Amino acid sequence: MVAGDADALGALLADDFTLVHMTGYAQPKAEWLADVRSGAMSYSSMEDVEVSVDLSEAAPVLTARTRTAATIWGASGRWPLQLRITFTREGSSWVASGTVASTWR
């Protein structure tokens, strides 16, 4: 994300991937990657504060608490961002099927 490499990001995501933003907007994969490509969503830094993986479900769920500096649709800031990423199996690989972003304290 920080490198802005939409092609590399796209390879890690399921075709039906969605990113649910802090606002509640569920953004489809193609639209999010287009925003990364155009710079409408530009991530300057992402510092991991806490990362955990839950393997108790049928598929892994990764939760990362970060401090993320970004410009999103013109709004710049540094947020305590929590990303809850669910995964699905595609062939012999795991890919992200969805991410829900929220803030944390």
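The questions and answers below go through a predicted model, taking one helix, its surroundings and two threonines in turn.

User: Which residues of helix α2 are buried, and on which side of α2 do they lie?

Analyst: Helix α2 spans residues 29-38. An α-helix has 3.6 residues a turn, so residues three or four places apart point the same way. The buried residues of α2 cover an arc of only 155° around the axis, which puts them on the same side of the helix. These buried residues are Lys29, Trp32, Leu33, Asp35 and Val36.

User: Which elements do the buried residues of α2 pack against?

Analyst: One of these buried residues, Leu33, touches Ala6, Leu9, Gly10 and Leu13 once residues up to four places away in sequence are set aside. Taken together, the buried residues of α2 pack against α1 (6-11), β1 (13-20), β2 (26-28) and β3 (41-54).

User: Which exposed residues does the other face of α2 carry, and which residue follows the helix?

Analyst: The face turned away from the buried side of α2 carries the exposed residues Ala30, Arg37 and Ser38. The helix is then followed by a residue whose phi is positive, near 90°, and this residue is Gly39.

User: Which residues touch the most other members of the largest nonpolar core?

Analyst: This core has 17 residues, and α1, β1, α2, β3, β4, β5 (75-90) and β6 (93-103) each supply at least two of them. The members that touch the most others are Leu13, Phe17, Trp32, Leu33, Val36 and Tyr43.

User: Is Thr66 buried or exposed, and what is its relative accessible area?

Analyst: Thr66 is found in strand β4, which covers residues 61-72. Leaving aside its neighbours within four places in sequence, Thr66 is in contact with Met46, Glu47, Asp48, Val49, Trp79, Pro80, Leu81 and Trp104, and its side chain also makes a polar contact with the side chain of Thr68 at 2.7 Å. Because buried means under 20% relative accessible area, Thr66 counts as buried, with a value of 1%.

User: Is Thr23 buried or exposed, and what is its relative accessibility?

Analyst: Thr23 is found in the loop between β1 and β2, where its side chain reaches the backbone nitrogen of Tyr25 at 3.3 Å. Since exposed means over 50% relative accessible area, Thr23 counts as exposed, with a relative accessibility of 67%.

User: How many Å apart in space are Thr23 and Trp73?

Analyst: Thr23 and Trp73 are 50 residues apart in sequence. Their separation in space, taken from C-alpha to C-alpha, is 12 Å.

Note on methods:
Residues are numbered from 1 along each chain as its sequence is written. This is a predicted model: local features need pLDDT of at least 70, side-chain atom pairs count only at pLDDT 80 or more; totals for chains, interfaces and linings use all residues. Side-chain values use heavy atoms; hydrogens and water are left out. Helices (H or I, at least four residues) and strands (E, at least two) are DSSP runs, numbered from the N terminus. Buried means under 20% relative accessible area, exposed over 50%, partly exposed in between (1.4 Å probe, protein chains only). A polar contact is a pair of N or O atoms within 3.5 Å; within protein, one must be able to donate a hydrogen and the other to accept it, and residues adjacent in sequence count only if both atoms are side-chain atoms. Contact means heavy atoms within 4.5 Å. The arc is that of the directions from the helix axis to the C-beta atoms. A nonpolar core is a set of buried Ala, Val, Leu, Ile, Met, Phe, Trp, Tyr and Cys residues joined through side-chain atoms within 4.5 Å.
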